[in-house]
Structure formats: C-alpha cells, structure tokens
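Biologist: Please show me the model. I have some questions about its salt bridges and helices.

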Amino acid sequence: MQDVRKWADGLRRLLRRHRDPVVVQTLRSATAATIAYVVALRLSPEPAPLTAPLTALLVVQVTLYATLTNGFRRVNSVVAGVLVAIAFSQLVGLTWWSLALLIVASLAVGHLVRVDEYIPEVAISAMLVLGVTTISSTAWARIVETLIGAVVGMGCNLLLPPPVWVDEAGESIEGLARRLRQLMLRMGEEAAGLTPWQQAAERLHEARRLDHAIVEVDAALRQAEDSLRLNPRVREGLLHRVVLRTGLDTLEICTVVLRVLARTFTDLAKAREPEPLFASDAGAAVERLLSQIADAVVSFAVLVTTSISESAESAEARLTAELHSAAGTRDKLAELLRDDVRRDDRNWQLLGAVLTEVNRLLDELDTEHRTRRLLEELDRVSAEQRAKRPPWLTWLRERVGVPERLRRNRGGGPGRSL
C-alpha cells in the first residue's frame, strides 16, 4: 500500500509539471530521437542506426522561430558535422591526432558552407557523431540516418512547438523587482538614522551589482521572446514581447536611478558626518517614501508579467494607489527639505538631487508613462515588421483585408492562450 501511495504521489507531481518548459523540452527531445531511431531501423541497413536519433536530438533543440528563420543554417551545420565525422570514420577512425584533424576540418567546412554563428556546432556535431560512427560499415547508411534525423527534428519543431518560457521570464523580472525593493527598504531605514558613510557606500556597491541581475533577466527574456515568435500556441505574441521588454527597460532605468540615489546618499553621509543624513522628520519621510516606491516597483513587475486581464486590472489599481501615496509623501519631504535648507544651506545640492532622483523613479513607474511607452514601442516594432514584409504579402493583405477578429484584438490586453 505504501508503494502504491508513493507511485500515486509521483504521478500527481508529474501531472503538475506537465506544462513545465523543462519537462516539455525533455519530452520533445526524447520523442524526436525515438521516432528518428524507429524510422532509421526500417530504412537504414545498420543494425543500430544511432546517427539518426543523435541528429534529431541536436536539431530539435532549435526553437520554432529559429527553425523558420535561421534553422537552415543550424541544420546545415549539424549535417555538415555529421558528414565530416562519417568521412573520418571511414578513413582513419578515432585517435587523438584524428580528433585534432577532425576539429580543424569541421571548422574549415563550417566557413565553407557559410553557417555563420553556428560554425562551432559543425565541430561539436562531428565529435559527437564520430563516437558512434567508428564501427560504421558504409558511409551511405550514415548519410541516410543523418537525413532522417534532420527531417524528424525539423518536423517535431513544426508539429510539436517548443515550450513557452514567458513564465520563467516573468519570474526573473519579478525577482529583479524584489531585489530592488529590498535595497530601497535598507536605504530608507539607514536614511532615517545615523549612517556612517562606509555603510552608505556598501549600498552603492549593492546597487552596482544589480547590473549582473539585469543581464540574467535579459537572457531569460530573450529566450521567452524566441519561444513566442511564430508559436501556434500563443496569441498576440508581439504584444507579449513588447510588454515584457518595456517592463524590463523600466526596471533597468529604475536600477540606474537607484544607483545614483545611493551615490547621493553616500556623498551626503560624507558631507554631514558625524551627523545623520537627514533631520529626524525628513529622515522618517525618506524611509516612508522609499518603502512606498519599493512596493510600487513590485506592483509594476506584477502588472507587466501577469497574463490575466482581471489580475492586470488589480495590479494596475494597486500600483496607481501606491504611486499616489508616494507622490503625497514626496511633496511632504520636499517641504521638510526646504525648511532644512533654509536653516542650513551647506548641502542643498545633494538634498535637491534626492528629490530629483525620487521624481525620476515615480515618473518611470507612472501608468500613463508606461502606456505611452508601450504604444510607441508597438508602433516601432510594427513599422519594422512592415518594412521587412515581402511586397507580395503586403499586396495580399491589402487585397484580402485584415480579419475582423484581428481588428477587434488590436486593442486588447496581453492575454495568452497556451
């Protein structure tokens, strides 16, 4: 009975993960390799035609967008590498010196067949395939297996679209927003008390390290953008890509402004040491303001990553309320800082810089600014796509017209159908 329960629990976990992109990609790869092997068993004279599943496994890693745009170069690189490996297996077999010659020859062939950025894949494919072709009896059998694997891999990319990585990109964006929030909260707490300049400088270093997080989020977003392009399981893929990209752009700008604010706090701490950064009332207002902006940053990230219209409306309402509260606190802080400058104007430039940077954060997170930025980016990307569109397709669209369903959806939210 205990074994049955364990089996049932394992099955439930598998069912919950059936939409996990990693699981989907694993199943796609296994399916393509298996089908290629079964087909090769019937068409190849070899008793164990492993070149076919290996080629399919390499080809099926390409996203659907890459398959239709530059997939030919990638498949060409795989096929070229396999053919080089076949030639070497027939002539010299696998030794240390033949491996060196194989790599040199593969890279040279990659340049000759013009596979561009996939030149290293020619050598990689050749090395992988050489291990299973050293016992080959005929080169023709391996060529047949290679073509079978390439066709099956391409077919799986068309019939079984690759997973959509939007959720992972959204989690990365929200993770960046939460890191921004934590840093803002620490800066606010320290601004309300007596902060040594060395401690303020440490927050500046933390803000600078956020650049590495932005690079990681950008990589996740590029993967999501590729998975959305030309994917039949996704509606309004362009809108998804633009919403996520503009959202990351806004968070990147907020990161830069926060880094400048941390530098201002550091300079202010040096200038006012051993006194606190701000007077007691102004320090409390700075802490409250940064806390409100920190919450708004997270709400903004939730807004740009949500895929359900009801959730988006709720997130936008929450963001609007948080920005309204932050604006009121900002106005109160401006009055307090103005009074402080009247009493002591030695650091008025730094105090004014604090207000300037806070205003920039609020402007970037403003919902109207986001909407305007989103529409501008949509127009820009649409114009680029029209410029790249073949003349015959433009003529056909003008003759046939845009379907009514598409016209209705032009103003809709970023809903996703998977």
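Biologist: How many residues apart in helix H9 are arginine 178 and glutamate 174?

Modeller: This is a predicted model in which local features need pLDDT of at least 70 and side-chain atom pairs pLDDT 80 or more, while totals for chains, interfaces and linings use all residues. Residues are numbered from 1 along each chain as its sequence is written, and side-chain values use heavy atoms, without hydrogens and water. Helix H9 covers residues 166–191, and about one helical turn separates the pair because the two are apart by 4 residues.

Biologist: What is the N to O distance between the side chains of arginine 178 and glutamate 174?

Modeller: A salt bridge needs a side-chain nitrogen of Lys or Arg within 4 Å of a carboxyl oxygen of Asp or Glu. Arginine 178 and glutamate 174 form one, with an N to O distance of 3.8 Å.

Biologist: Which helix holds aspartate 295, the partner of arginine 181?

Modeller: The closest N and O atoms of arginine 181 and aspartate 295 are 2.9 Å apart, in a salt bridge. Arginine 181 lies in helix H9, so the pair ties together parts 114 residues apart in sequence, with aspartate 295 in helix H12.

Biologist: Is H12 roughly parallel or roughly antiparallel to H14?

Modeller: The axes, lines fitted to C-alpha atoms over the stretch in contact, give angles from 0 to 180 degrees between N-to-C directions. Those of H12 (residues 280–305) and H14 (residues 348–365) come within 11 Å and cross at roughly 25°. Angles under 35 degrees count as roughly parallel and those over 145 as roughly antiparallel. H12 and H14 are therefore roughly parallel.

Methods: Parallel < 35°, antiparallel > 145°, perpendicular 65-115°, else oblique.
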